[in-house]
Amino acid sequence: MASEDVVSKTTGESAVSTIVNLAEEASEGVKAPGHALLSICKSLVAGGVAGGVSRTAVAPLERMKILLQVQNPHSIKYNGTVQGLKYIWRTEGFRGLFKGNGTNCARIVPNSAVKFFSYEQASRGILWLYRQQPGCEDAQLTPLLRLGAGACAGIIAMSATYPMDMVRGRLTVQTEKSPYQYRGIFHALSTVLREEGARALYRGWLPSVIGVVPYVGLNFAVYESLKDWLIQTKPLGLVQDNNELSVPTRLGCGAAAGTVGQTIAYPLDVIRRRMQMVGWNNASSIVSGDGRTKSALEYKGMIDAFRQTVRNEGFGALYKGLVPNSVKVVPSIAIAFVTYEGVKDILGVEMRISD
């Protein structure tokens, strides 16, 4: 009888234990989607903050770069970055230095959020696929894999926010003396849709996508690979005792990444800006097809835009605005990476991709 009680008690305890375990598993299953959603939101917020902070910090140089890219070569108002910034200050005041920045931030915040988040997801996906290969079960991300993940992230982010980039370009180049004024982001979007059609919002998309592959891809690949190399080799005492890089060191890594990426992709950025002006009746007041007349801009496509630009203005035209862009990109990319990692630390988001 006693043995029966022991068996009964043991069976009862086993049943209760099983029920408790099942309940805990079910609870974890319910919490998991909510936790994943919160983690995604935190990652998107970190990316958005990084984009807004970094772009606002260099807004005057961003505007100067675009103005130099589309400036009529036979009606030159400024020959360099400093002279151009002085001209804007004299003719438009302090606000002129930040013209188009609101539109730019409205574009760059979601762009940056999607880009950083897409990079992390693409990195995990690409690493998982790579580890399915025989002998690669314990593989880590290589610079080439990071380049691929960064390229995927850049294409997704650029495509998702391209219409905002298109109207931002037009808002940035217009001045107080322009014959036609866009009053803001939504006015520009509605005007382009009404007068030029929906396809106009994606003019210059192809060179943008082609350019974003090396630009964003190299940004992530160089930054992450350089960080890993510094942590592994620990040169010049740049690595702290906790095996982490200091903020100035990470800023340096971001600066190196931005310099490499933008130098390679810059000609495509120039062509993108010029193609965005096509169809805008008043673009001739800023830049004309051959640099001598005020005829409307006409490009048959990306290749034709390259050909006309080089034929009429020389190969150097593909690098117009490179100096302000270089001065802008170095701090911008550096600030973006460091801000992103800092915000994620504050929000308590796990950043490791190789697990």
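Is F116 buried or exposed at 4% relative accessibility? In this predicted model, F116 counts as buried, since a residue is placed in that class when its relative accessible area is under 20%. The setting of F116 is described below, after an outline of the fold.

The secondary structure of the protein comes to 10 helices and 0 strands, and the order of elements along the sequence accordingly reads α-α-α-α-α-α-α-α-α-α. Of the 355 residues of the protein, 47% count as buried. Helix α2, which covers residues 59–70, is a case in which burial extends over the whole element: 12 of its 12 residues are buried, so α2 is largely enclosed by the rest of the structure. The buried residues of α2 include the charged side chains E62, R63 and K65, as well as L61, I66 and L67. The length of α2 agrees with expectation, because its 12 residues should span 16 Å at 1.5 Å a residue and its end C-alpha atoms are 17 Å apart.

Helix α7 comprises 29 residues, 205–233, which should span 42 Å at 1.5 Å a residue; the end C-alpha atoms of α7 are 41 Å apart, and the two values therefore agree. Despite this agreement in span, α7 bends by about 35° at V212, and a proline, P214, follows within four residues. Just after α7, K234 takes a positive phi of about 50°, although K234 is not a glycine. Most residues other than glycine have a negative phi. K234 lies in the loop between α7 and α8, the latter covering residues 247–277, and with 47% relative accessibility K234 counts as partly exposed.

Aromatic contacts were examined next. A pair of aromatic rings is described by the distance of the centres and the angle of the planes. The count comes to 11 aromatic pairs. In one of them, the rings of W89 and F94 have their centres 6.3 Å apart and their planes at 85°, so that this pair is edge-to-face. F116 and Y340, in contrast, form a stacked pair, with 4.1 Å from centre to centre and 20° between the planes. Because F116 lies in helix α4 (residues 101–131) and Y340 lies in helix α10, their pairing ties together parts that are 224 residues apart in sequence. Y340, like F116, is buried, with a relative accessible area of 5% for Y340 and 4% for F116. Both residues belong to one aromatic cluster, which is formed by F116, Y119, F220, Y223, F337 and Y340.

Charged side chains also connect these helices. Side chains of opposite charge can pair when their charged atoms come close. The structure holds 12 salt bridges. One of them joins K344 to E120, with the closest N and O atoms 2.5 Å apart; this pair links distant parts of the chain, K344 being in helix α10 and E120 in helix α4, 224 residues apart. K344 is buried, with a relative accessible area of 0%, and E120 also counts as buried, at 7% relative accessibility. A salt bridge is likewise formed between E341 and K227, whose closest N and O atoms are 2.7 Å apart. This second pair links helix α10, which holds E341, with helix α7, which holds K227, across 114 residues. E341 counts as buried at 7% relative accessibility, and K227 counts as buried at 14%. The side chains of K320 and E313 meet in a further salt bridge, at 2.8 Å from N to O. In addition, R63, E92 and K99 are joined into one network by salt bridges that share partners.

Helix α4 also contains S118, which is buried, with a relative accessible area of 10%. The C-alpha atoms of S118 and L44 are separated by 9.6 Å, while the two residues are 74 residues apart along the chain.

At the surface, V45, V49, V53, I346 and L347 make a nonpolar patch of about 410 Å². The elements that give two or more residues to this patch are α1 (2–57) and α10 (322–347), and α1 gives the most, with 3 residues. V53, one of the patch residues, is found in helix α1 and counts as partly exposed, at 42% relative accessibility.

Methods
Residues numbered from 1 in each chain as written. Predicted model: local features only at pLDDT ≥ 70, side-chain atom pairs only at ≥ 80, totals over all residues. Heavy atoms only, no water. Expected span 1.5 Å × (residues − 1). Bend = angle between axes of the 7 residues up to and from the residue. Patch = residues over 30% accessible without salt bridge, like charges linked within 9 Å, V, L, I, M, F, W, Y side chains within 5 Å. Areas by Shrake-Rupley, 256 points an atom, 1.4 Å probe, with all protein chains shown as cover. Salt bridge = Lys/Arg side-chain N within 4 Å of Asp/Glu carboxyl O. Buried < 20%, exposed > 50% of the residue type's maximum accessible area, 1.4 Å probe, protein only. Phe/Tyr/Trp six-rings, centres within 6.5 Å; stacked < 30°, edge-to-face > 60°.
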